[in-house]
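Hi,

Here is the structure I promised to pass on. Have a look at it first, and my notes follow underneath.

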Amino acid sequence: MATAVSTQPTESVTHEEEEAPQIVLLDPAQVVRDEQNARETDTEPDEELIASVKEIGVEETISVRPRPDGTYGAFKGWRRAQAQQIANETAEEDGRPVRRIKAHVREDLVGRDGWTRFLSLVENKHREGMSERDILKSQELALIGMDDVERRQAAKALGVSRNAAKQAKAAQKLDDATLRRAAAGGMDLEQTAQLAEVEHVPGAERRLLRALERDHEEGNGGRGHWDQEMALLKAEQDDADARTKAEEDLKAADIPLLRQPGWGQKDPSKPLAELTSGLGNPLTEDNHRNCPGHSARLDDEHQPVWHCSDPSAYGHKVRPQPKKPRTEEDEARAEERRKVIACNRAWKAAAGPRQDFVARLVRQKTLPDAARVFAQEVVLTLPYFYSSWTDKHESETVARFLGIKEPEHADLAETAAQLPKARVVNALFAHVAAACEYDIREPKTWSNLTVRQAHYLLLLEALGQDDNGSYQLSEVEDQAVARHRPEPAA
């Protein structure tokens with residue numbers, strides 16, 4: 001049986017630097033795949049690599065760490081090691097030399113699985129053929145297995161955030177094709193994880209890739225369009241979840257949910273509001289509950305509209321009223337209602353990216369002058385929206401903008417006592433911005449934006465553009481401020 005060469009090199013082999021692990025020559029038969037090798041797919045050497053190794057051996061040094069059974073685990077170069085094993089099997093009959101393989105033996109990595117996987121990831125990530133899924137899994141497992149010091153160093157080397165392990169785990173929920181498209185489209189780890197959050201919303205991938213493309217086209221490194229699209233997708237997902245819950249509640253109550261009839265099918269059901277009992281009394285949810293035809297449809301806000309599935313079969317009468325044909329005006333009203341619902345939802349969704357941007361402004365070392373002037377103007381002129389908000393003594397939003405942990409329990413008096421002089425103007429803007437956010441909290445605000453409300457949104461838009469496009473108005477916000485925008489200079 002072949003044996004490994006000792007940790008002292010038996011031939012003259014150079015090493016890169018004095019403190020680097022020595023390069024030794026090992027018998028390839030003693031090399032196995034390390035459990036922390038980042039590459040988990042396409043791990044076998046191809047014919048081209050095997051042919052090359054048969055002719056000239058393995059030129060590039062592999063990296064291994066000792067194992068308790070006397071073998072060495074390859075966390076870098078496992079395919080090269082396999083190619084040399086295959087080449088050695090037929091070396092004698094082909095008249096070729098049986099070769100050993102150059103290896104860095106990393107005794108310092110014994111017991112350091114997280115850092116070993118990280119080093120393997122760095123090695124393999126930039127080599128052709130490593131799958132996106134292998135990269136994500138290795139990022140997750142490597143970062144989880146490190147101490148805080150190593151984790152910070154590894155995250156910096158990989159160009160990822162401190163939350164990279166959680167993000168990598170979330171991103172692995174996507175299938176391989178989606179992961180490849182996300183990488184090809186330029187999504188980073190955080191964005192890929194966010195895509196996984198909303199992948200079931202129709203068109204989510206396409207919409208996010210388009211938002212990312214718009215951010216890239218502007219060329220300033222911001223992600224304002226991405227944040228707005230992501231917020232809208234989350235709102236749509238929440239809306240779909242609300243409908244699912246409403247359907248589940250009806251099912252739990254054993255109330256059939258009526259579906260829209262197919263093409264050419266007649267719908268015998270009617271809302272209870274259009275029906276009476278056999279004696280002409282109104283029908284309600286309570287007095288109709290025991291009818292075999294008791295059922296429901298969900299309206300646009302996922303509230304049940306009670307129906308009878310077959311009034312004539314169950315002895316109900318249709319309220320006498322002339323049936324009016326549906327007119328173009330009716331269609332226009334229905335379309336307007338759909339638009340209002342969509343805009344209301346979009347307005348609520350836009351609050352997330354907007355308030356995140358305000359928080360980033362407040363926590364900057366130096367508040368932009370435009371934000372400072374805006375805050376000073378509000379405090380000095382005391383507009384009604386601001387004075388009425390201060391009467392409410394609402395502090396949670398201010399605390400959140402200031403970055404206080406558990407803002408719902410914040411003691412702003414204590415915060416004021418500890419606030420450095422240089423941060424006073426930042427706190428002032430946080431206070432004014434919280435009042436502005438309260439003033440535009442209602443979903444229908446978009447439909448009749450005031451001059452002062454528009455001033456606040458236009459300020460944030462300008463500050464976002466100055467901050468490399470880190471914030472963009474959403475479509476509904478842009479629509480709402482359109483009539484308040486200054487006329488372009490002639």
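Let me start with a small spot inside the protein: the second largest cavity is lined by G224, D227, P353, D356, R360, S470 and Y471. A cavity here is a set of points, on a 1 Å grid over the protein atoms alone, where a 1.4 Å probe fits but cannot get out, and lining residues have an atom within 4 Å of a point. The space in this one comes to about 30 Å³, where a volume is the space filled by probe spheres set on the points, with grid points joined across faces, edges and corners. Its lining has 2 nonpolar, 2 polar and 3 charged residues. For those classes, Ala, Val, Leu, Ile, Met, Phe, Trp, Tyr, Cys and Pro count as nonpolar, Asp, Glu, Lys and Arg as charged, and the others, Gly among them, as polar. Both α11 and α13 supply at least two residues of that lining, and α13 gives the most, with 3. Helices (H or I, at least four residues) and strands (E, at least two) are DSSP runs, numbered from the N terminus.

Before I go on, some housekeeping. This is a predicted model, so to speak of local features I need pLDDT of at least 70, and side-chain atom pairs count only at pLDDT 80 or more, while totals for chains, interfaces and linings use all residues. Residues are numbered from 1 along each chain as its sequence is written, and side-chain values use heavy atoms, with hydrogens and water left out.

Now the overall picture. The protein chain has 20 helices and 10 strands. Of its 490 residues, 41% are buried (buried means under 20% relative accessible area, exposed over 50%, partly exposed in between, with a 1.4 Å probe and protein chains only). Among contacts with a separation of 6 or more, 70% are between residues 24 or more positions apart; contact means heavy atoms within 4.5 Å.

On to the other spaces. The search of the whole structure turned up 2 cavities of 30 Å³ or more. The largest cavity holds about 40 Å³, and its lining is F385, C436, D439, I440, R452, Q453 and Y456. Two or more of these residues come from each of α18 and α19, with α19 giving the largest share, 3 residues. By class, that makes 4 nonpolar, 1 polar and 2 charged.

The largest pocket has about 580 Å³ of space. A pocket is an open set of points with protein on both sides within 12 Å along at least five of seven lines. It is lined by 26 residues, and E229, L232, S474, E475 and V476 lie nearest its centre. The elements giving two or more residues to this lining are α10 (204–218), α11 (224–252), α13 (328–363) and α20 (475–481). Its class count is 10 nonpolar, 6 polar and 10 charged.

Where does the nonpolar material gather? The largest nonpolar core has 40 residues, and F429 and Y456 have the most contacts inside it. (A nonpolar core is a set of buried Ala, Val, Leu, Ile, Met, Phe, Trp, Tyr and Cys residues joined through side-chain atoms within 4.5 Å.) α13 gives the most to this core, with 8 residues. Leaving out residues up to four places away in sequence, F429 touches V358, L361, V362, L367, A371, F374, A375, L459 and L460. A second, separate core of 17 residues includes V24, I62, W78 and A83. In soluble globular proteins, nonpolar side chains tend to be buried together.

A few single residues are worth a click too:

- H302 has a positive phi, near 65°, and is not a glycine. It sits in the loop between β8 (294–298) and β9 (304–308), and is buried at 11% relative accessible area.
- E406 also has a positive phi, about 50°, without being a glycine. It lies in the loop between α16 and α17 (412–418), and is exposed, with a relative accessible area of 53%.
- E150 is in helix α6 (residues 148–158) and counts as buried at 13% relative accessibility. Beyond its neighbours within four places in sequence, E150 is in contact with R112 and W115.

Cheers
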